[in-house]
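This briefing is meant for a reader who is meeting the structure for the first time. Please keep the sequence and the model in view while reading.

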Amino acid sequence: MYQYFLIAIILIFCGLSVDGQPVPAPDENIPYLMTFGHNAEKSWGDDDFSQTFFFKIPKEYTDPFYIRIWDPDCAGEFDEINGFFDTRTTFEIFGGEGCHSLDDAKGIDPVGNYKSGNLLAFKDFTDEPEYDNNWYTFGPFNPTEGEWHEYWQGYIFKIIVEGVEGDDGNMYRFYLTTDPDINRDIEGGNAFAYEYSFRMHNNPNEVSHIYPFVDDRAISVKQWNWDWDNDGVIRIVSVARKGQLSKVSGDDNWIEDDFQILEGEKNTSLDLQLIKRKEPPLVRNNNVVINVRNQYNEVMPFFVIPIGGVPRYKYSIGVTKKTK
Ligand SMILES: [Ca+2]
Ligand SMILES: [Ca+2]
Ligand SMILES: [Ca+2]
Ligand SMILES: [Ca+2]
C-alpha cells in the first residue's frame, strides 16, 4: 500500500515538472495565443498583428534556459485559414538594457522603439509541416542576458511575434523551460504581457482568466477589449470584489469600462473571468484582444501565474465590517 502511495506521489511530481511553464498558464485556461498576418481585416480579431510578451527569470536561477514555441507555423492544424495559407510570422527575442524598461517596449501598439534591447534570436515561419503541432526551441540563453528588474527581482526577456505577410491567423503557445527538448519548470519563473491577443474556447462552458496586477499607485482601472463579438460577459473577482460584471465589445470595435480600485486590492491580482455566451448563436473561433490601464493610462501587467495567487473573495475585506 505504502509503495503505491509513494509511486503516486512521484508520478504527480514528475507530471508537474514535465508540464513546463506554458504561456498561457493552466490557471488562465486560454487555449492559444493569436497573431494574424498584417493583411487581415481587423474584424478577424487582431487589432495590430503584433504581440509582445515578457519572461521573468528569478535571480536564484543561474543556468541556461530555453523558450519553446508550440505550433509556430501558420498552416495545418490549429491555425485559422483565410482563403489559403500565405502568412509569415516572425518571432524575435530581446534582452539587455531597455528591452523592458523603455516606455515604447511597454506600449500596447507596435510603434516607436518597441523592439528595444539586444536582439538575441530570430526565426520566421510560414507553412512548415515540421513545426505543425510541434516545437521550435530558442536558446540557450543566459539569465544575465536579460534586463535586471529590481522590483520583480529577476531578469526580463522580451518576445515579439508579428504577422509580416498574409492574412491568416497563427495560433501558438510559449513554454519557458530549463531543457531544450522537454518542458521543465524554472522555479519562480513567470511571464507577463501588457496586452493579450488570444483565441477563446469554442466550448461555452469553459471560463478563461486574465490576472492584472494592481500596484500601489492604481486608484481606478480602465478595461479595454477588442472584437469580443458579444461573447458572454467579463466578471471581475478580487479579494474585495465578489463578482462585478464588466462590458464586452461587439464586432470590430473597442469597448472601455472603468471601475475604482477597492481597499485591499492593492498589490494583489484581479481575476477577469471571461465567461462565454451560453445561448445561441454560440460564438466560435473567437479571437480577442484585451488590455487594462490605470488612471494615468499606464498599462498594467497580466502575469500568467498571478502574483499573490489566484485571488479569492474574502468577505471580511469586501464588506464594511459591522459592529455587533
Ligand atoms: Ca499549425
Ligand atoms: Ca490567406
Ligand atoms: Ca500556429
Ligand atoms: Ca472576435
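The points below cover the calcium sites, the salt bridges and the nonpolar cores.

The model is a predicted one. Among its features are a calcium ion (ligand 3) coordinated by residues that include Asp71 and Met171, a count of nine salt bridges, and a largest nonpolar core of 49 residues.

**Calcium ions (ligand 3) and (ligand 1)**

- The calcium ion (ligand 3) is held by Asp71 (O), Asp71 (OD), Asp73 (O), Asp79 (OD), Asp79 (OD), Asn170 (OD1) and Met171 (O), at 2.2 to 2.9 Å.
- Read along the chain, the donors of the calcium ion (ligand 3) have the spacing D-x1-D-x5-D-x90-N-M.
- Asp71 also serves as a bridge between the calcium ion (ligand 3) and the calcium ion (ligand 1), and these two ions lie 4.0 Å apart.
- Distant parts of the chain are linked by the pair Asp79 and Met171: Asp79 is in the loop between β4 and β5, Met171 is in strand β10 (residues 169-177), and they are 92 residues apart.
- Asp79 and Met171 are both buried.

**Calcium ion (ligand 2)**

- Coordination of the calcium ion (ligand 2) comes from Asn82 (O), Phe84 (O), Asp86 (OD), Asp167 (OD), Asp168 (OD) and Asp168 (OD), at 2.2 to 2.8 Å.
- The site of the calcium ion (ligand 2) is irregular, with angles of 48 to 177° among its six donor atoms.
- For comparison, ideal angles for six octahedral donors at a metal are 90 or 180 degrees.
- The donors of the calcium ion (ligand 2) are spaced N-x1-F-x1-D-x80-D-D along the chain.
- Asp167 is buried at a relative accessible area of 18%, and Asp168 is buried at 0%.

**Calcium ion (ligand 4)**

- The calcium ion (ligand 4) has as its protein donors Asp227 (O), Asp227 (OD), Asp229 (OD), Asn286 (OD1) and Asn287 (O), which lie 2.3 to 2.5 Å from the ion.
- The sequence spacing of the donor residues of the calcium ion (ligand 4) is D-x1-D-x56-N-N.
- Asp229 is in the loop between β15 (220-226) and β16 (233-238), while Asn286 is in the loop between β20 (271-275) and β21 (287-294), so this pair ties together parts that are 57 residues apart in sequence.
- Asp229 is partly exposed, with 24% relative accessibility, whereas Asn286 is buried, with a relative accessible area of 0%.

**Salt bridges**

- Side chains of opposite charge can pair when their charged atoms come close.
- The number of salt bridges in the model comes to nine.
- One of them joins the side chains of Glu80 and Arg199, at 2.6 Å from N to O.
- Glu80 belongs to the loop between β4 (65-70) and β5 (88-95) and Arg199 to strand β12 (residues 195-199), so the pair ties together parts that are 119 residues apart in sequence.
- Glu80 is buried at 13% relative accessibility, and Arg199 is buried at 7%.
- Arg88 and Glu165 form a salt bridge through their side chains, at 3.1 Å from N to O.
- With Arg88 in strand β5 and Glu165 in strand β9 (residues 154-165), this pair ties together parts that are 77 residues apart in sequence.
- Arg88 is partly exposed, at a relative accessible area of 24%, and Glu165 is partly exposed at 37%.
- The side chains of Lys115 and Glu92 make a salt bridge at 2.8 Å, N to O.
- This pair links distant parts of the chain, for Lys115 is in the loop between β5 and β6 (118-125) and Glu92 is in strand β5, 23 residues apart.
- Lys115 is partly exposed, with a relative accessible area of 30%, but Glu92 is buried at 9% relative accessibility.
- Arg88, Asp124 and Glu165 are joined into one network by salt bridges that share partners.

**Nonpolar cores**

- In soluble globular proteins, nonpolar side chains tend to be buried together.
- The largest nonpolar core comprises 49 residues, and Phe53, Phe174, Tyr196 and Phe198 have the most contacts inside this core.
- Leaving aside residues up to four places away in sequence, Phe174 touches Gln21, Pro22, Val23, Leu33, Phe53, Phe55, Arg68, Ile69, Phe91, Ile159 and Val161.
- A second, separate core has nine residues, including Trp152, Phe192, Phe213 and Val299.

Terms used:
Residues numbered from 1 in each chain as written. Chains lettered and ligands numbered in written order. Predicted model: local features only at pLDDT ≥ 70, side-chain atom pairs only at ≥ 80, totals over all residues. Heavy atoms only, no water. Salt bridge = Lys/Arg side-chain N within 4 Å of Asp/Glu carboxyl O. Helix = DSSP H or I, 4+ residues; strand = E, 2+ residues; numbered from the N terminus. Buried < 20%, exposed > 50% of the residue type's maximum accessible area, 1.4 Å probe, protein only. Core = buried A, V, L, I, M, F, W, Y, C linked by side-chain atoms within 4.5 Å. Contact = heavy atoms within 4.5 Å. Donors = N, O, S within 2.8 Å, 3.2 Å for Na, K, Ca; no water. Tetrahedral: all angles 85-135°; square planar, octahedral: opposite > 155°, others 65-115°.
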